[in-house]
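Please find below a colleague's note on the model under discussion. The points are numbered for ease of reference in reply.

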Amino acid sequence: MNYLNLKYNLIFFFISFIYVSTKYFFSIIEFPNENFILKIMRFSDLEYAYLVESFSRFDFSTDWSYFEKSKNIIGFPIFSIIFHAIAFKAFGYYSFYILEIIFFFLIICIFFKILIKLEKDVLKSLNGILILLVICQFIEFGKFYDPGLFAKFNPVTEFIGLRFPRPLVTSVFALIFLINLMNITDKKFIECKNNIYFISLSLALLVNSFFHLFFIFFVLAILYLIPKLLNEGLVDLNNKTKIIFNSSLIILVGISVFFIQQSLSEIDYSNRIGVHYLNLSDKLKNSIDFLKIYTKAEYILLFLICLSLKLYFNLKKKKDIYNKYLSIFWLFIISSFISPLIFIFLSNKVIVSHHFLTIIKFSLFLFVFISF
């Protein structure tokens with residue numbers, strides 16, 4: 001089994017290397033005299049590159065102007081770029097290329113493990129990975145021919161893609177969350193302590209790298225774990241309490257870092273990234289706006305397809321482990337739909353709400369994809 005793991009890890013690393021390097025290969029053909037570091041910078045978002053370089057020096061002020069000196073730190077989510085900042089210290093701008101391969105390798109490896117759990121067939125799961133990558137490339141190339149049409153498929157490449165830091169880094173955190181949630185399906189709560197801690201760690205990393213996904217996954221974890229705890233009753237209550245306390249502490253560390261960073265950040269940073277405050281009437285208006293969006297044909301059609309597939313598997317495989325795993329991805333859909341409404345009700349401010357909609361569409365796509 002170790003030999004098989006090594007074999008498929010090598011296959012995935014080769015796929016990742018080719019997938020990432022293709023754009024650089026074509027760039028070398030088109031601009032043969034251009035320095036490789038310049039190619040890396042051209043393929044990167046320069047704002048994030050500057051942040052990585054700045055954070056690598058433990059400089060969180062990011063003073064890019066000699067005239068307007070910052071008094072506080074920048075509020076950009078640090079957990080999504082911390083690995084690149086560490087690697088930058090050793091490899092400089094080459095670290096972007098190296099970590100692009102490594103993080104994409106992790107994405108397809110973990111996704112492969114998810115498919116293996118669902119399919120129990122290595123070849124079919126490998127084909128599933130290849131099909132997913134073909135879909136992503138088809139979407140990316142399609143944008144050159146019909147940007148308006150293929151932009152509708154952005155939610156797929158927003159989760160399986162090379163853009164740094166999202167989805168390249170954040171999708172690794174998200175997939176670690178999902179695979180560990182799947183790993184506790186047939187175990188008692190007390191037996192899956194390590195999985196619970198990995199779930200908590202994923203949430204702690206997501207809260208300061210992709211807050212919208214953190215909130216949805218937090219709701220998903222509650223919807224999935226509380227019924228599990230209630231079904232098991234009061235058995236091993238002390239140990240369960242200890243696990244819940246420790247996992248909550250891990251999440252609170254991530255949340256604390258997020259709020260401390262925001263409270264110490266430049267006042268105008270929140271204005272620049274589009275934060276706006278909500279009063280009661282705003283909350284009501286935003287909630288109604290989300291409900292109106294949910295009634296659009298694309299959401300209704302995708303939801304009905306997913307519902308039909310869920311009912312089909314309920315009838316065909318009532319007690320099958322596949323159906324238990326599938327229920328996690330069904331809850332992902334439910335959590336995606338209800339989380340924006342819960343968040344608007346609880347929070348007094350909101351930022352880039354369309355990220356919630358992107359996650360909803362991806363949850364629907366993911367359910368259809370793994371069902372087939």
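Is Glu298 buried, partly exposed or exposed? The answer opens the first point.

1. Glu298. This is a predicted model, and in it Glu298 is partly exposed, with a relative accessible area of 33%. That value falls in the class between buried, which is under 20%, and exposed, which is over 50%. Glu298 forms a salt bridge with Lys361, and the closest N and O atoms of the two side chains are 3.2 Å apart. The pair connects distant parts of the chain: Glu298 belongs to helix α15 (residues 297-316) and Lys361 to helix α17 (residues 354-371), with the two positions 63 residues apart in numbering.

2. Other salt bridges. The structure contains eight salt bridges. One of the pairs is Glu232 with Lys240, whose closest N and O atoms are 3.1 Å apart. Lys240 has 4% relative accessibility and therefore counts as buried. Another pair is Arg163 with Glu158, with a distance of 3.1 Å between the closest N and O atoms. The two partners may be read together: Arg163 is partly exposed, at a relative accessible area of 42%, whereas Glu158, at 19% relative accessibility, counts as buried. The cut-off matters for Glu158, because buried means under 20%.

3. The network around Lys39. A network of salt bridges links Glu34, Lys39 and Arg42. Lys39 is located in helix α2 and is buried, with a relative accessible area of 2%. When neighbours within four places in sequence are set aside, Lys39 is in contact with Tyr24, Ser27, Ile28, Phe31 and Glu34. Glu34 thus appears both among these contacts and in the salt-bridge network. As a point of orientation, the C-alpha atoms of Lys39 and Val253 are separated by 37 Å, and the two residues are 214 residues apart along the chain.

4. The second largest pocket. The space in this pocket amounts to about 840 Å³. It is lined by 29 residues, of which Lys23, Gln137, Glu140, Leu162 and Arg163 are the closest to its centre. Two or more lining residues come from each of α1 (2-30), α2 (36-43), α5 (94-119), α6 (122-145) and α8 (154-157). The greatest contribution is that of α6, with six residues. Sorted by class, the lining comprises 15 nonpolar, seven polar and seven charged residues. Arg163 deserves a second mention here, since this residue near the pocket centre is also the salt-bridge partner of Glu158.

5. Helix α10. This helix covers residues 193-207, 15 residues in number, and reaches 21 Å from its first C-alpha to its last, close to the 21 Å expected at 1.5 Å a residue. How many of its residues are buried? The count is 11 of the 15, so α10 is largely enclosed by the rest of the structure. The buried set consists of Asn195, Ile196, Tyr197, Ile199, Ser200, Ser202, Leu203, Ala204, Leu205, Leu206 and Val207. These buried residues pack against α9 (170-183), α11 (211-232) and α12 (237-264).

6. Ser247 and its contacts. Ser247 lies in helix α12 and, at 8% relative accessibility, counts as buried. Apart from neighbours within four places in sequence, Ser247 is in contact with Ile196, Tyr197 and Ser200. Ile196, Tyr197 and Ser200 are among the buried residues of α10, and the packing of that helix against α12 can be followed at this position.

7. Backbone geometry. Which residues precede the cis peptide bonds at Pro165 and Pro167? The bond from Phe164 to Pro165 is cis, with omega near 0°, and the bond from Arg166 to Pro167 is cis, with omega near 20°. Pro165 is in the loop between α8 and α9, and Pro167 is placed in the loop between α8 and α9 as well. A further backbone feature concerns Asp236, which has a positive phi of about 55° although it is not a glycine. Asp236 is situated in the loop between α11 and α12, and with 40% relative accessibility this residue counts as partly exposed.

Note on methods
Residues numbered from 1 in each chain as written. Predicted model: local features only at pLDDT ≥ 70, side-chain atom pairs only at ≥ 80, totals over all residues. Heavy atoms only, no water. 1 Å grid on protein atoms, 1.4 Å probe; cavity = no way out; pocket = protein on both sides within 12 Å on 5 of 7 lines; lining within 4 Å. Points joined across faces, edges and corners; volume = space filled by probe spheres on them. Helix = DSSP H or I, 4+ residues; strand = E, 2+ residues; numbered from the N terminus. Nonpolar A, V, L, I, M, F, W, Y, C, P; charged D, E, K, R; others polar. Expected span 1.5 Å × (residues − 1). Buried < 20%, exposed > 50% of the residue type's maximum accessible area, 1.4 Å probe, protein only. Contact = heavy atoms within 4.5 Å. Salt bridge = Lys/Arg side-chain N within 4 Å of Asp/Glu carboxyl O.
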